[in-house]
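User: Can you walk me through the charged side chains in this one? I'd like the surface too, if there's time.
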Amino acid sequence: MLDFDEKINNKVKKLHGKYYRYCDDILIICDQKDSKLLLKDAQSLIKNLKLKIQHKKTKIVEFKNGMRVSKDELQYLGFTYDGRKILLRDTGLAKYSHKVMKAIKMSNKHLFKINVSRVKRGNAPLKIHKKHIYRRFSYIGCRNYISYALRAAHIMNEPAIKKQIRPHWGKIQQHLTKHDVNNMEYYKFLGYKPN
(Lines give C-alpha, C1' and ligand atoms only; values in the text may rest on other atoms or scores of the structure.)
Protein backbone atom coordinates (compact mmCIF):
# COMPACT_ATOMS: atom_id res chain seq x y z
CA MET A 1 0.00 0.00 0.00
CA LEU A 2 2.95 2.35 0.44
CA ASP A 3 3.54 2.37 -3.30
CA PHE A 4 -0.17 3.14 -3.78
CA ASP A 5 0.04 5.95 -1.19
CA GLU A 6 3.03 7.49 -2.94
CA LYS A 7 1.49 7.32 -6.42
CA ILE A 8 -1.93 8.66 -5.48
CA ASN A 9 -0.47 11.31 -3.17
CA ASN A 10 1.72 12.61 -6.01
CA LYS A 11 -1.30 12.81 -8.35
CA VAL A 12 -3.36 14.62 -5.72
CA LYS A 13 -0.53 17.06 -4.91
CA LYS A 14 -0.15 17.96 -8.60
CA LEU A 15 -3.82 18.98 -8.55
CA HIS A 16 -3.30 20.98 -5.31
CA GLY A 17 -5.36 18.55 -3.23
CA LYS A 18 -4.85 16.57 -0.01
CA TYR A 19 -4.65 12.81 0.45
CA TYR A 20 -5.27 10.92 3.72
CA ARG A 21 -5.38 7.20 4.43
CA TYR A 22 -5.75 5.26 7.65
CA CYS A 23 -5.91 1.47 7.07
CA ASP A 24 -8.67 1.04 4.49
CA ASP A 25 -10.26 4.48 5.00
CA ILE A 26 -9.18 6.91 2.27
CA LEU A 27 -10.01 10.61 1.98
CA ILE A 28 -9.04 12.81 -0.97
CA ILE A 29 -9.81 16.52 -0.88
CA CYS A 30 -9.70 18.19 -4.29
CA ASP A 31 -11.50 20.52 -6.69
CA GLN A 32 -14.75 19.10 -8.01
CA LYS A 33 -13.42 19.10 -11.59
CA ASP A 34 -10.63 16.68 -10.54
CA SER A 35 -12.70 14.33 -8.37
CA LYS A 36 -13.79 11.78 -11.00
CA LEU A 37 -10.30 11.52 -12.51
CA LEU A 38 -8.70 10.97 -9.09
CA LEU A 39 -11.36 8.43 -8.14
CA LYS A 40 -10.73 6.52 -11.37
CA ASP A 41 -6.94 6.61 -10.79
CA ALA A 42 -7.33 5.41 -7.18
CA GLN A 43 -9.66 2.59 -8.21
CA SER A 44 -7.25 1.50 -10.95
CA LEU A 45 -4.24 1.49 -8.60
CA ILE A 46 -6.20 -0.44 -5.95
CA LYS A 47 -7.35 -2.98 -8.54
CA ASN A 48 -3.67 -3.53 -9.51
CA LEU A 49 -3.01 -4.47 -5.87
CA LYS A 50 -5.73 -7.15 -6.22
CA LEU A 51 -7.81 -5.50 -3.51
CA LYS A 52 -11.56 -5.00 -3.66
CA ILE A 53 -13.22 -1.62 -3.35
CA GLN A 54 -16.57 -1.42 -1.59
CA HIS A 55 -18.45 0.69 -4.13
CA LYS A 56 -21.31 1.39 -1.71
CA LYS A 57 -18.78 3.10 0.59
CA THR A 58 -17.13 5.07 -2.22
CA LYS A 59 -18.60 8.56 -2.41
CA ILE A 60 -17.86 11.91 -3.94
CA VAL A 61 -19.07 14.58 -1.54
CA GLU A 62 -19.37 18.08 -2.93
CA PHE A 63 -18.87 21.25 -0.89
CA LYS A 64 -19.52 24.81 -2.02
CA ASN A 65 -18.29 27.77 0.06
CA GLY A 66 -17.51 25.35 2.87
CA MET A 67 -21.01 23.83 2.99
CA ARG A 68 -22.00 20.37 1.79
CA VAL A 69 -24.26 20.53 -1.27
CA SER A 70 -24.40 16.82 -2.18
CA LYS A 71 -26.81 14.45 -0.44
CA ASP A 72 -24.02 12.16 0.82
CA GLU A 73 -22.17 13.03 4.02
CA LEU A 74 -18.41 13.22 4.22
CA GLN A 75 -17.42 10.23 6.37
CA TYR A 76 -13.92 9.49 7.58
CA LEU A 77 -12.60 7.49 10.55
CA GLY A 78 -16.00 7.16 12.21
CA PHE A 79 -16.96 10.82 11.87
CA THR A 80 -19.22 12.78 9.54
CA TYR A 81 -18.81 16.38 8.42
CA ASP A 82 -21.42 18.60 6.78
CA GLY A 83 -19.49 21.87 6.55
CA ARG A 84 -20.72 23.14 9.92
CA LYS A 85 -20.06 20.44 12.48
CA ILE A 86 -18.28 17.15 13.00
CA LEU A 87 -20.34 14.31 14.45
CA LEU A 88 -19.86 10.68 15.35
CA ARG A 89 -21.36 8.38 12.72
CA ASP A 90 -24.81 7.12 13.71
CA THR A 91 -23.75 3.53 13.03
CA GLY A 92 -20.86 3.88 15.49
CA LEU A 93 -23.19 5.17 18.20
CA ALA A 94 -25.72 2.41 17.50
CA LYS A 95 -23.03 -0.31 17.70
CA TYR A 96 -21.76 1.16 20.96
CA SER A 97 -25.28 1.31 22.41
CA HIS A 98 -26.01 -2.28 21.37
CA LYS A 99 -22.72 -3.46 22.89
CA VAL A 100 -23.51 -1.71 26.20
CA MET A 101 -26.99 -3.19 26.47
CA LYS A 102 -25.70 -6.66 25.58
CA ALA A 103 -22.94 -6.47 28.22
CA ILE A 104 -25.41 -5.31 30.89
CA LYS A 105 -27.84 -8.09 29.92
CA MET A 106 -25.10 -10.76 30.08
CA SER A 107 -23.78 -9.49 33.44
CA ASN A 108 -27.30 -9.43 34.81
CA LYS A 109 -28.10 -12.93 33.49
CA HIS A 110 -25.02 -14.37 35.21
CA LEU A 111 -25.72 -12.55 38.49
CA PHE A 112 -29.42 -13.43 38.36
CA LYS A 113 -28.64 -17.19 38.30
CA ILE A 114 -26.32 -16.80 41.28
CA ASN A 115 -28.86 -14.71 43.19
CA VAL A 116 -31.77 -17.09 42.60
CA SER A 117 -29.69 -19.83 44.25
CA ARG A 118 -28.72 -17.48 47.09
CA VAL A 119 -32.32 -16.40 47.74
CA LYS A 120 -33.51 -20.05 47.72
CA ARG A 121 -30.86 -20.79 50.39
CA GLY A 122 -32.11 -17.84 52.45
CA ASN A 123 -29.22 -15.46 51.64
CA ALA A 124 -29.48 -11.89 50.40
CA PRO A 125 -28.90 -11.35 46.66
CA LEU A 126 -25.64 -9.78 45.51
CA LYS A 127 -25.61 -6.45 43.68
CA ILE A 128 -24.31 -6.05 40.16
CA HIS A 129 -20.76 -4.68 39.87
CA LYS A 130 -21.56 -1.36 38.17
CA LYS A 131 -17.97 -0.09 38.25
CA HIS A 132 -16.99 -2.70 35.67
CA ILE A 133 -19.79 -1.55 33.33
CA TYR A 134 -18.92 2.11 33.91
CA ARG A 135 -15.22 1.56 33.13
CA ARG A 136 -16.00 -0.33 29.93
CA PHE A 137 -18.77 1.89 28.60
CA SER A 138 -18.77 5.38 30.09
CA TYR A 139 -16.66 8.50 30.55
CA ILE A 140 -15.27 6.91 33.76
CA GLY A 141 -13.18 4.48 31.68
CA CYS A 142 -10.12 5.63 29.77
CA ARG A 143 -9.99 3.23 26.80
CA ASN A 144 -13.49 2.94 25.41
CA TYR A 145 -15.74 4.48 22.76
CA ILE A 146 -16.95 7.31 25.02
CA SER A 147 -13.44 8.33 26.09
CA TYR A 148 -12.41 8.25 22.40
CA ALA A 149 -15.39 10.48 21.53
CA LEU A 150 -14.55 12.92 24.35
CA ARG A 151 -10.90 13.14 23.24
CA ALA A 152 -12.05 13.73 19.64
CA ALA A 153 -14.47 16.44 20.79
CA HIS A 154 -11.64 18.15 22.67
CA ILE A 155 -9.06 17.84 19.85
CA MET A 156 -11.51 19.02 17.18
CA ASN A 157 -13.11 21.59 19.50
CA GLU A 158 -16.52 20.16 18.57
CA PRO A 159 -19.24 20.45 21.27
CA ALA A 160 -21.75 18.62 19.04
CA ILE A 161 -19.92 15.33 19.75
CA LYS A 162 -20.35 15.80 23.51
CA LYS A 163 -24.01 16.54 22.92
CA GLN A 164 -24.33 13.29 20.95
CA ILE A 165 -22.93 11.09 23.73
CA ARG A 166 -24.53 12.89 26.69
CA PRO A 167 -27.73 10.73 26.71
CA HIS A 168 -25.80 7.46 26.89
CA TRP A 169 -24.97 7.76 30.61
CA GLY A 170 -28.70 8.00 31.34
CA LYS A 171 -29.39 4.99 29.11
CA ILE A 172 -26.83 2.91 31.03
CA GLN A 173 -28.43 3.93 34.33
CA GLN A 174 -31.92 3.22 33.01
CA HIS A 175 -30.95 -0.24 31.76
CA LEU A 176 -29.20 -1.16 35.03
CA THR A 177 -32.16 0.07 37.09
CA LYS A 178 -34.64 -1.86 34.92
CA HIS A 179 -32.77 -5.12 35.60
CA ASP A 180 -32.45 -4.34 39.33
CA VAL A 181 -36.21 -3.73 39.64
CA ASN A 182 -37.19 -6.83 37.64
CA ASN A 183 -34.75 -9.02 39.55
CA MET A 184 -35.93 -7.75 42.93
CA GLU A 185 -39.54 -8.51 42.05
CA TYR A 186 -38.59 -12.09 41.27
CA TYR A 187 -36.50 -12.44 44.44
CA LYS A 188 -39.50 -11.23 46.47
CA PHE A 189 -41.67 -13.77 44.63
CA LEU A 190 -39.22 -16.45 45.81
CA GLY A 191 -39.64 -15.23 49.39
CA TYR A 192 -36.83 -12.71 49.84
CA LYS A 193 -37.69 -9.89 52.22
CA PRO A 194 -35.41 -6.85 51.80
CA ASN A 195 -34.51 -4.88 54.96
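Analyst: Sure. Keep in mind that this is a predicted model. I'll start with lysine 7, which is partly exposed at 39% relative accessibility.

User: What does the side chain of lysine 7 meet in a salt bridge?
Analyst: The partner is aspartate 3, with N to O at 3.3 Å. Aspartate 3 is partly exposed as well, with a relative accessible area of 46%.

User: How far apart are aspartate 3 and lysine 7 in helix 1?
Analyst: Four residues. Helix 1 covers residues 2–14, so that spacing is about one helical turn.

User: How many salt bridges does a search of the whole structure find?
Analyst: Eight. One of them joins arginine 84 and aspartate 82, at 3.3 Å from N to O.

User: Arginine 84 and aspartate 82: which counts as exposed, which as buried?
Analyst: Arginine 84 is exposed, at 59% relative accessibility. Aspartate 82 is buried, at 16%.

User: Which pair links distant parts of the chain?
Analyst: Aspartate 180 and lysine 130, whose closest N and O atoms are 3.6 Å apart. Aspartate 180 sits in helix 6 and lysine 130 in helix 4 (residues 130–137), with their positions 50 residues apart. Both are partly exposed: aspartate 180 at 32% relative accessibility, lysine 130 with a relative accessible area of 29%.

User: Which residues do salt bridges that share partners join into one network?
Analyst: Asp31, Lys33 and Asp34.

User: Switching to glutamate 158. Where is its place?
Analyst: In the loop between helix 5 (145–155) and helix 6 (159–189).

User: Is glutamate 158 buried or exposed?
Analyst: Buried, and it has no salt bridge. Lysine 85 is the nearest side chain of opposite charge, and that is 7.1 Å away. The cut-off for a salt bridge is 4 Å, so this pair does not count.

User: Then which backbone nitrogen lies 3.0 Å from a polar atom of its side chain?
Analyst: That of isoleucine 86.

User: And what is glutamate 158 in contact with, leaving aside neighbours within four places in sequence?
Analyst: Arg84, Lys85, Ile86 and Ala153. Arg84 is the residue that bridges to aspartate 82.

User: OK, surface now. Which residues make the nonpolar patch?
Analyst: Met1, Ile26, Leu49 and Leu51 make a nonpolar surface patch of about 300 Å².

User: Where is isoleucine 26 found?
Analyst: In strand 2, residues 25–29. Isoleucine 26 counts as partly exposed, at 30% relative accessibility.

Definitions and conventions. Residues numbered from 1 in each chain as written. Predicted model: local features only at pLDDT ≥ 70, side-chain atom pairs only at ≥ 80, totals over all residues. Heavy atoms only, no water. Helix = DSSP H or I, 4+ residues; strand = E, 2+ residues; numbered from the N terminus. Buried < 20%, exposed > 50% of the residue type's maximum accessible area, 1.4 Å probe, protein only. Lys, Arg positive; Asp, Glu negative; His and termini not counted. Polar contact = N/O pair within 3.5 Å; in protein donor to acceptor, adjacent residues only side chain to side chain. Contact = heavy atoms within 4.5 Å. Patch = residues over 30% accessible without salt bridge, like charges linked within 9 Å, V, L, I, M, F, W, Y side chains within 5 Å. Areas by Shrake-Rupley, 256 points an atom, 1.4 Å probe, with all protein chains shown as cover.
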